[in-house]
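Work through the exercises below with the coordinates loaded. Each task is followed by a solution in steps.

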Amino acid sequence: MERVISAEILQYCKRHGLISDQQHGFLSKRSTVTNLLSGHNDWTNAISKRHTVAVAYIDFQKAFDSVCHKKLFTRLSSLGITGNLLSWIKNFLTDRQQCTRVGDTISDTVKIISGVIQASCLGPVLFVLYINSILKVLPDSVTCLLFADDVKIYTVVRSDADKVNLQNALDRILDWSVKWQMLISVKKCSVTVYGKSVTITKPYYLCGCRLKFTDIVKDLEVTMNCNLQFTEHINCIVGKAHSRAYLIRKCFMSRNPLLLMHAFNTYVRPLLENASPVWSPQYNYLIHKIESVQRVVDIYGLSVWTEH
């Protein structure tokens, strides 16, 4: 039943353009890769024109658990989701209880007063509709990219006025978060400057706290530096891949080629292939470093991997 309703809501929103193209989470033909490629394309275009891009990464505290039910229902009603469907969603979310189990001991039950149901079919769709309104409060000079609750806003800095635009957008996001009861985790927020043709010394503030500037940022599990290079990311995934390949060698008693190949494809290759269209290296030494993971299996006596 959830799948049917979720699919119908998404089709309705797509037909009427109710979900922004800047949202990449939980939508068909959208993913972390499309989100990263979209941002990376804008930033590289700006840098090629000798401009600087200031990007603010914003993190919400327990975003899925903080959704206010009354405001969610108001939001759905404003989108045209009314009548029996809205009543069904209200019944789906209200009067739920939860408890914690440790071993054979179960805690007292408490009433769930906020949040969408995680691990459900409908929960992600409702959250996307809830957070989509954040895009309406931002100025036209600032671009926003979303992946569910992961938010990044950026602007091309050509003058001092552009530097102020980003702070203005941060202030508007703070006002939105207060209105919609989505607390911001300021300690996890940061600002990164890509391209160094313009020096940005003006600090940025959010919730009254000064945001830290960082030269290396992890964006949707992909690490990049202020030069839009992925050396740190490649070093990290190659190190993890080597460790997993070694553990397979030590932990698997069997030397069955098909079994070992399946283990390698399951536990090692995903590390090296996740979001690879974004960070795929151009330098030979980085290419050799990635390929070394598969070559080194010969040392572990698992040459069958390289054969396949």
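A residue counts as buried under 20% relative accessible area, as exposed over 50%, and as partly exposed in between. The model is predicted.

**Exercise 1.** Classify Phe26 as buried, partly exposed or exposed, and describe its ring pair with Phe147.

Step 1. The relative accessible area of Phe26 is 39%, so Phe26 is partly exposed.
Step 2. A search of the whole structure gives eleven aromatic pairs. For Phe26 and Phe147, the ring centres are 6.4 Å apart and the planes stand at 35 degrees. Planes under 30 degrees apart would count as stacked and over 60 as edge-to-face, so this pair is tilted.
Step 3. Phe26 sits in the loop between α1 and α2, and Phe147 in strand β6; the pair therefore ties together parts 121 residues apart in sequence.
Step 4. Ring pairs also place Phe26 and Phe147 in a cluster with Phe64 and Phe127.

**Exercise 2.** Do the same for Phe60 and Trp176.

Step 1. Phe60 is buried, because its relative accessibility is 3%. Trp176 is buried as well, with 3%.
Step 2. Their rings form an edge-to-face pair, 6.1 Å centre to centre with 65 degrees between the planes.
Step 3. Phe60 belongs to the loop between β1 and α3, whereas Trp176 belongs to helix α6, 116 residues apart.

**Exercise 3.** Which residues touch the most other members of the largest nonpolar core, and which element gives the largest share?

Step 1. The core has 56 residues, and those with the most contacts to other members are Ile9, Ile58, Phe60, Ile89, Phe127, Leu129 and Ile153.
Step 2. Elements giving two or more residues include α1 (2-16), β1 (52-58) and α6 (160-179). The largest share, eight residues, is from α5.
Step 3. Leaving out residues up to four places away in sequence, Leu129 touches Ile9, Cys13, Ile19, Arg75, Leu76, Leu79 and Ile81.
Step 4. A separate second core of 35 residues includes Leu228, Leu260, Ala263 and Val268.

**Exercise 4.** Give the strand order of the five-stranded open sheet and identify its edges.

Step 1. The order is β6-β7-β1-β8-β11, with mixed pairing.
Step 2. β6 and β11 (212-213) each pair on one side only, as edge strands.
Step 3. β8 (residues 190-194) pairs with β11 in the parallel sense over two bridges; Ser190 stands opposite Lys212.
Step 4. Helix α2 packs on the sheet at about 15 degrees to β7, and α6 at about 160 degrees to β7.

**Exercise 5.** Where does Lys152 lie, and which side chain does it join in a polar contact?

Step 1. Lys152 lies in strand β7 and is buried at 3% relative accessible area.
Step 2. Its side chain makes a polar contact of 3.1 Å with that of Asp219.

How values were computed
Residues numbered from 1 in each chain as written. Predicted model: local features only at pLDDT ≥ 70, side-chain atom pairs only at ≥ 80, totals over all residues. Heavy atoms only, no water. Core = buried A, V, L, I, M, F, W, Y, C linked by side-chain atoms within 4.5 Å. Buried < 20%, exposed > 50% of the residue type's maximum accessible area, 1.4 Å probe, protein only. Helix = DSSP H or I, 4+ residues; strand = E, 2+ residues; numbered from the N terminus. Contact = heavy atoms within 4.5 Å. Polar contact = N/O pair within 3.5 Å; in protein donor to acceptor, adjacent residues only side chain to side chain. Pairing = 2+ DSSP bridges. Axes fitted to C-alpha atoms, helices over the stretch in contact; angles between N-to-C directions. Phe/Tyr/Trp six-rings, centres within 6.5 Å; stacked < 30°, edge-to-face > 60°.
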